[in-house]
Amino acid sequence: MTDSRGGTRALVLLRHAKAENSGAVPDVDRRLTARGHADAAAAGAWLARHALLPDVVLCSPARRTRQTWHDVALGMTGSPPEGGPAGTTPVVRYEATAYEARPEDLLDLVRSVDPAAATVLLVAHNPGISLLSALLDPERADPDGLRTTDLVVHRPAVPWCELAPEAAEIVHRHTARS
């Protein structure tokens with residue numbers, strides 16, 4: 001299926017990068033480790049090499065997912081997210097429902113994306129992000145789910161608002177490691 005500009009749609013699912021153990025901080029406030037920062041930048045470089053620069057970013061508001069997105073943006077462009085890929089700034093939505101989300105909640109977020117968007121990046125947590133990938137393509141999904149900084153690229157066969165189970169084939173998988 002193509003977007004309103006005639007291009008192919010891509011839904012990129014990204015599990016956040018490696019985070020510190022929770023310790024004394026609330027789960028939502030966990031930070032990325034040094035390896036997590038480097039791996040997220042490597043994920044951004046992979047997205048840029050594969051021409052998967054997002055038009056829309058849906059991101060959990062947890063600290064580790066926000067840091068993952070920031071580092072992905074740096075890896076894509078060499079500058080902070082405000083600079084944007086190729087001179088454009090993606091629409092970034094920090095969505096509370098993406099934290100501790102069920103796959104159906106994440107699917108609803110993707111369905112709400114502007115129909116003109118060609119590439120959507122969803123940065124979230126397990127188990128929801130892995131279950132969403134399996135929901136969209138049960139045959140090709142990794143039965144072990146997404147590991148930290150795993151990218152899975154789905155190609156929806158329908159417009160965003162009509163996205164449903166089994167309607168987005170997995171076309172790429174990549175584990176970003178620095």
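This report walks through a predicted model, from its confidence to its sheet, helices, cores and loops.

**Confidence**

The chain has an average pLDDT of 91. Of its residues, 90% score at least 70. Two stretches need care. Residues 1–6 have a pLDDT below 50, and this stretch makes 21 contacts in the model beyond near neighbours in sequence. Residues 82–87 are also below 50. That stretch has ten such contacts in the model, again beyond near neighbours in sequence.

**The sheet**

Six strands make up an open sheet. Their order is β3-β2-β4-β1-β5-β6, and the pairing is mixed. Which strands stand at the edges? They are β3 and β6. Each has a single partner strand, so one side of each lacks a neighbour in the sheet. From one strand to the next, the twist averages 15°.

Strand β2 gives a good view of the pairing. Four bridges link β2 to β3, residues 91–94, and the two run parallel. Four bridges also link β2 to β4, and this pair runs parallel too. Individual residues show the register. V56 stands opposite V91 in β3. In β4, V56 has V120 as its bridge partner. C59 faces Y94 of β3.

Is β2 covered on one face or on both? Both faces are covered. V56 and L58 are buried on one side, and V57 and C59 are buried on the other.

**Helices against the sheet**

Helix α2, residues 63–77, packs on the sheet. It touches β1, β2, β3 and β4. The direction of α2 makes about 140° with that of β4. Helix α3 lies across β1, β2, β3 and β4 as well. The angle between α3 and β4 is about 150°.

Helices α3 and α4 also pack together. Their axes are 8 Å apart, at an angle of about 70°. The two helices are therefore roughly perpendicular to each other. On the α3 side, the contact is made by P103, L106 and L107. On the α4 side, it is made by G128, I129, L131, L132, L135 and L136.

**The cores**

In soluble globular proteins, nonpolar side chains tend to be buried together. Here the largest nonpolar core has 27 residues. Those with the most contacts inside it are L11, L58, L106, V120, L122 and L163. Several elements feed this core: β1, β2, α3, β4, α4 and β6 each supply at least two residues. Helix α3 gives the largest share, four residues.

L122 shows how the parts meet. Leaving aside neighbours within four places in sequence, L122 contacts V12, L13, L14, L58, L106, V110, I129 and L132.

Another core, of 21 residues, lies apart from the largest one. Its members include A17, A40, L52 and V57.

A17 sits in the loop between β1 and α1. Is A17 buried or exposed? It is buried, with a relative accessible area of 0%. Not counting residues up to four places away in sequence, A17 touches L32, G36, A40, T68, T148 and T149. Its C-alpha atom is 9.6 Å from that of R177, although 160 residues separate the two along the chain.

**Loops and backbone**

Most residues other than glycine have a negative phi, and most peptide bonds are trans. Some places here depart from that pattern. The peptide bond from N126 to P127 is cis, with omega near 5°. P127 lies in the loop between β4 and α4.

A51 has a positive phi of about 55° and is not a glycine. E166, also a residue other than glycine, has a positive phi near 65°.

D144 has no such entry here, but it is another loop residue, placed between α4 and β5. D144 and S130 are 14 residues apart in sequence, and their C-alpha atoms are 8.4 Å apart in space.

The table sets out three exposed loop residues.

| Residue | Loop | Relative accessible area |
|---|---|---|
| A51 | between α1 and β2 | 64% |
| E166 | between β5 and β6 | 63% |
| D144 | between α4 and β5 | 64% |

Definitions and conventions. Residues are numbered from 1 along each chain as its sequence is written. This is a predicted model: local features need pLDDT of at least 70, side-chain atom pairs count only at pLDDT 80 or more; totals for chains, interfaces and linings use all residues. Side-chain values use heavy atoms; hydrogens and water are left out. pLDDT is the predictor's confidence in each residue, from 0 to 100. Contact means heavy atoms within 4.5 Å. A nonpolar core is a set of buried Ala, Val, Leu, Ile, Met, Phe, Trp, Tyr and Cys residues joined through side-chain atoms within 4.5 Å. Buried means under 20% relative accessible area, exposed over 50%, partly exposed in between (1.4 Å probe, protein chains only). Two strands pair if DSSP finds at least two bridges between them. Axes are lines fitted to C-alpha atoms, for helices over the stretch in contact, and angles run from 0 to 180 degrees between N-to-C directions. Angles under 35 degrees count as roughly parallel, over 145 as roughly antiparallel, 65 to 115 as roughly perpendicular and the rest as oblique.
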